[in-house]
Amino acid sequence: MNIKNCVKCGKVYVYDNYKLCRNCRKLEEEDFQKVKQYIYDNPGATMQEISSETGVSIQRIMKYLREGRLQLREENYNLILDCERCGKAIRTGRYCDRCTDEIHKEFKGINSTKNERFQKSDKEKMYIADRYKK
Ligand SMILES: [Zn+2]
Ligand SMILES: [Zn+2]
């Protein structure tokens with residue numbers, strides 16, 4: 001049996017791939033639900049308001065957003081995250097839609113064989129070059 005100390009409360013618990021004991025995990029989940037509910041009920045609330053009303057730190061709320069667990073709605077524009085790649089405002093996750101798209105493309109580019117790339121017509125190449133100029 002693998003025994004560890006919980007990183008949050010320090011209690012000994014049976015390790016099951018989580019850094020927190022069951023009790024702390026339950027509390028974290030409750031915090032998450034509180035934040036989610038508060039945002040839902042108060043769509044115009046600022047990050048500070050949410051944090052002081054729910055008792056959950058701004059860092060944790062940001063983490064929920066980064067993990068994509070919390071989604072912002074149109075009204076939540078004051079709760080803005082920025083894309084880690086281009087800095088554009090986003091509502092959830094780490095990248096804006098465009099960067100997500102480009103990251104996928106780059107990823108595909110790495111995986112595609114040389115032959116596939118040579119098969120592209122000159123016209124298509126110019127079109128792509130044009131699009132990236134801006
Ligand atoms: Zn704990
Ligand atoms: Zn971006």
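These are my notebook entries on a predicted model of one protein chain.

**Entry: the chain as a whole**

I began with the secondary structure. The protein chain has six helices and four strands. I then read their order along the sequence and wrote down β-β-α-α-α-β-β-α-α-α. Next I looked up burial: of the 134 residues in the protein chain, 9% are buried. I also looked up the contacts between residues at least 6 apart in sequence, and 22% of these join residues at least 24 apart.

**Entry: helices H1 and H2**

I turned to two helices that pack together, H1 (residues 22–41) and H2 (residues 47–54). Two packed helices are described by the angle between their axes and the distance between the axes. For H1 and H2 I noted an angle of about 130° and axes 10 Å apart. An angle between 115 and 145 degrees counts as oblique, so H1 and H2 are oblique to each other. I noted the crossing of H1 and H2 as right-handed.

Which residues make the contact? On the side of H1 I listed Asp31, Lys34, Val35, Tyr38 and Ile39. On the side of H2 I listed Ile50, Glu53 and Thr54. I sorted the residues of this contact by kind and got four nonpolar, one polar and three charged.

**Entry: the nonpolar core**

I looked for the largest nonpolar core and found six residues in it. They are Val35, Ile39, Val56, Ile61, Leu65 and Leu70. H1 and helix H3 (58–66) are the elements that give two or more residues to this core. In soluble globular proteins, nonpolar side chains tend to be buried together.

Val35 and Ile39 appear in my notes twice: they belong to the core, and they are on the H1 side of the contact with H2.

I then took isoleucine 61 from the core and looked up its contacts, leaving aside its neighbours within four places in sequence. The contacts are Val35, Met47, Ile50, Ser51 and Val56. Of these, Val35 and Val56 are core residues too, and Ile50 is one of the H2 residues that touch H1.

**Entry: asparagine 17**

Most residues other than glycine have a negative phi, and most peptide bonds are trans. I noted that asparagine 17 has a positive phi of about 75°, although it is not a glycine. Where is asparagine 17 found? I located asparagine 17 in the loop between strand S2 (12–14) and H1. With 5 other C-beta atoms within 10 Å, asparagine 17 is exposed.

**Entry: pairs apart in sequence**

I finished with three pairs, starting with a residue of helix H1, glutamine 37. Is glutamine 37 buried or exposed? I counted 11 other C-beta atoms within 10 Å, so glutamine 37 is exposed. Glutamine 37 and threonine 54 are 17 residues apart in sequence, and their C-alpha atoms are 9.6 Å apart.

Lysine 36 also lies in helix H1. Lysine 36 has 15 C-beta neighbours inside 10 Å and therefore counts as partly exposed. I paired lysine 36 with leucine 70, 34 residues away in sequence, and noted 6.8 Å from C-alpha to C-alpha. Leucine 70 is one of the core residues.

The last residue I looked up was proline 43, in the loop between H1 and H2. Proline 43 is partly exposed, with 15 other C-beta atoms within 10 Å. Between the C-alpha atoms of proline 43 and leucine 72 I noted 8.6 Å, for two residues that are 29 apart along the chain.

Key:
Residues numbered from 1 in each chain as written. Chains lettered and ligands numbered in written order. Predicted model: local features only at pLDDT ≥ 70, side-chain atom pairs only at ≥ 80, totals over all residues. Buried ≥ 20, exposed ≤ 12 C-beta atoms within 10 Å, placed from the backbone. Contact = placed C-beta atoms within 7 Å. Axes fitted to C-alpha atoms, helices over the stretch in contact; angles between N-to-C directions. Parallel < 35°, antiparallel > 145°, perpendicular 65-115°, else oblique. Left-handed = near helix turned anticlockwise from the far one by under 90°. Nonpolar A, V, L, I, M, F, W, Y, C, P; charged D, E, K, R; others polar. Core = buried A, V, L, I, M, F, W, Y, C linked by C-beta atoms within 7 Å.
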